[in-house]
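Me: I have a complex open here and would like to go through it with you. Can you take me through the parts one at a time?

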Protein chains: 2
Amino acid sequence: MSAEARHQRLYSELRGRICLLDYPPGTKLGEESLASEFGVSRTPVRRVLARLADEGLVEARHGVGTLVTDVDARELGEVYALREELAQLSGTMTPRPVTQSVLDEARGLVAEGERLAEAPDARAFARLNMAYFDFTQRLIGNEALAEVSERLYFRTARIWLKTISALDLGREIEAFREEMRQVAGALASGDMTAVGMIRRAHISMSFHRLKAALPGSRPAN
Amino acid sequence: MSAEARHQRLYSELRGRICLLDYPPGTKLGEESLASEFGVSRTPVRRVLARLADEGLVEARHGVGTLVTDVDARELGEVYALREELAQLSGTMTPRPVTQSVLDEARGLVAEGERLAEAPDARAFARLNMAYFDFTQRLIGNEALAEVSERLYFRTARIWLKTISALDLGREIEAFREEMRQVAGALASGDMTAVGMIRRAHISMSFHRLKAALPGSRPAN
DNA sequence: CATCCCCAAGATGTGTACATCATGGGGCGT
DNA sequence: ACGCCCCATGATGTACACATCTTGGGGATG
């Protein structure tokens, strides 16, 4: 396997573990232990950790360790506010044409949502949410916008997952299914502007529900 | 000096050289030569080059070298289109309050623009443009938006500089001075929304002038 | 018994030798 | 003379030893 392919695998794997809370915020990611797990030396592991650090998912402290970062309420609000705007923009700025395979995939995601509703599970929810996000990414015609959107999504995904586990999971899943159904409908009529607006609305509503469960917003825990 | 501070110095230095065309697109950045120049080993140099590669400014090819990347017309257009939107958003999304020191700094930049007009120079123009960009960055209250804006600015700054050197430099400087004057005026009245609109308009106009000089848009060279 | 100091342990940061890879030029065959 | 093959060369990628730094705990001291 090529060096870049290994790097991507390692990166995706670690990013996934962080965002699925296998490594919750505060976890120490030992370079040596990761190196032995993946059968490589510390060097390529450090290359991946450096990238994760540049993206704000981990923080390397000399003499201490590389720790998964937390996200405070202010930063979370800023990222969500920007994601709202970008979601809307993704519907208006040179969207990709809606092909039949896109519609099929949208229906497939809605079907997955139905299965999820029958067996609610936070981790499965997170995975489907990522698959749906990846789907929306592929509708974006502007690569720079897609890159920025992805960066922001993964920056707060773990906090979202951590918080909805404390909320009513069933209600969150229902809201998510409603978003996917609405997006699928808008796609069927080829209205990408509406898709952007729908996504923006749901990001906004999701954040409003999130805020209620954030530390500091409730007097008692 | 701490390790992170050295990293930042090296990163800023190399990014500056790339964006000021000391290292034009296609230049090979030898890890060994950079290491000896800065008096360190290849390891911290590689750490910086990896970051620059993640940001798209260089591309490391195994067995060949680490080359400064070029930006094709499509990508340039996408980045500029997104920068337009973000400039407008920076005026509407929780801008920072306009203090007296901000107004002083704006006047200082306008004065620098006057000096530049008296002695036109592409490199001095690029430096002042960066200082002005940094100034606008500090008006943004949303850190995520600021981070994304910076990423996109530096992604195409070298192409902008390369192209305006072929255009009428005096006219470009005049347009730039006009933007700074308009922004200074809007700041004096505390209208951040207007600042965002002005910046968006000038990014748009700058790109339209840029397109005319891009390879492929003219039959003969 | 509380407190302070010191250092051992373990983590990331750095230096260096070696592995791997792409490329261009020289030499052999036709 | 032309073309193909091979490999010397020099670049990035990897492994490992060592340097540097933070932290927490043990022991001397008041």
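Me: Let's start with helix 4 of chain A and helix 4 of chain B: what is the handedness of their crossing?
Reply: Helix 4 of chain A passes helix 4 of chain B in a right-handed crossing. Please keep in mind that this is a predicted model.

Me: Which residues make that contact?
Reply: On the chain A side the contact is made by A:Leu82, A:Glu85, A:Leu86 and A:Leu89 of helix 4, and on the chain B side by B:Leu82, B:Glu85, B:Leu86 and B:Leu89 of helix 4. By class, the residues of this contact divide into 6 nonpolar, no polar and 2 charged.

Me: And what angle do helix 4 of chain A and helix 4 of chain B pack at?
Reply: Helix 4 of chain A, residues 73-92, and helix 4 of chain B, residues 73-92, pack at an angle of about 140°, and their axes are 12 Å apart. The two helices are therefore oblique to each other, since only angles over 145 degrees count as roughly antiparallel.

Me: OK, switching to the DNA. Which residues come nearest to DNA strand C?
Reply: There are 23 residues around DNA strand C, and those that come nearest are A:Arg46, A:His62, B:Ser41, B:Thr43 and B:His62. Divided by class, the surface near this strand has 7 nonpolar, 9 polar and 7 charged residues.

Me: What share of the strand C atoms within 4 Å of the protein is sugar or phosphate?
Reply: Of the atoms of DNA strand C within 4 Å of the protein, 70% belong to sugar or phosphate, and the rest belong to bases.

Me: Which polar contacts could I look at there?
Reply: One of them involves B:Ser41, where an N or O atom in the side chain is 2.6 Å from a phosphate oxygen of DNA strand C. Another phosphate contact involves A:Thr66, with a polar backbone atom 3.2 Å from a phosphate oxygen of DNA strand C. For a base contact, look at A:Gly63, where a backbone N or O atom lies 3.3 Å from a base nitrogen of DNA strand C.

Me: Which helices and strands supply the surface near strand C?
Reply: In chain A, helix 3 (42-54), strand 1 (58-61) and strand 2 (65-68) each supply at least two residues of that surface, as do helix 1 (3-19) and helix 3 (42-54) in chain B. Helix 3 of chain B gives the most, with 3 residues.

Me: Now strand D. Which residues come nearest there?
Reply: Of the 23 residues around DNA strand D, A:Ser41, A:Thr43, A:His62, B:Arg46 and B:His62 come nearest. Sugar and phosphate account for 67% of the strand D atoms that come within 4 Å of the protein.

Me: Which phosphate contacts does strand D have?
Reply: Among them is the one with B:Arg46, where a polar side-chain atom lies 2.7 Å from a phosphate oxygen of DNA strand D. In chain A, a polar side-chain atom of A:Arg6 lies 3.1 Å from a phosphate oxygen of the strand, and a polar backbone atom of A:Ser41 is 2.6 Å from a phosphate oxygen of DNA strand D.

Me: Which element has the largest share of the surface near strand D?
Reply: The largest share, 3 residues, comes from helix 3 of chain A. By class, the surface near DNA strand D has 7 nonpolar, 9 polar and 7 charged residues.

Me: Back to helix packing. How do helix 6 and helix 7 of chain B pack?
Reply: Helix 6 (residues 122-137) and helix 7 (residues 143-164) of chain B pack at an angle of about 165°, with their axes 11 Å apart. That angle makes helix 6 of chain B roughly antiparallel to helix 7 of chain B. The contact involves residues including B:Phe125, B:Met130 and B:Phe133 of helix 6 of chain B and B:Tyr153, B:Phe154 and B:Trp160 of helix 7 of chain B. The residues of this contact divide into 11 nonpolar, 3 polar and 1 charged.

Me: Last one: how do helix 1 and helix 2 of chain B pack?
Reply: Helix 1 of chain B and helix 2 (residues 31-38) of chain B pack at an angle of about 120°, with their axes 13 Å apart. That makes helix 1 of chain B oblique to helix 2 of chain B, and their crossing is right-handed.

Methods:
Residues are numbered from 1 along each chain as its sequence is written. Chains are lettered from A and ligands numbered from 1 in the order in which they are written. This is a predicted model: local features need pLDDT of at least 70, side-chain atom pairs count only at pLDDT 80 or more; totals for chains, interfaces and linings use all residues. Side-chain values use heavy atoms; hydrogens and water are left out. A residue is near a molecule or strand if one of its heavy atoms lies within 4 Å of it. A polar contact is a pair of N or O atoms within 3.5 Å; within protein, one must be able to donate a hydrogen and the other to accept it, and residues adjacent in sequence count only if both atoms are side-chain atoms. Helices (H or I, at least four residues) and strands (E, at least two) are DSSP runs, numbered from the N terminus. Ala, Val, Leu, Ile, Met, Phe, Trp, Tyr, Cys and Pro count as nonpolar, Asp, Glu, Lys and Arg as charged, and the others, Gly among them, as polar. Axes are lines fitted to C-alpha atoms, for helices over the stretch in contact, and angles run from 0 to 180 degrees between N-to-C directions. Angles under 35 degrees count as roughly parallel, over 145 as roughly antiparallel, 65 to 115 as roughly perpendicular and the rest as oblique. Contact means heavy atoms within 4.5 Å. A crossing is left-handed if the near helix is turned anticlockwise from the far one by less than a right angle, and right-handed if clockwise.
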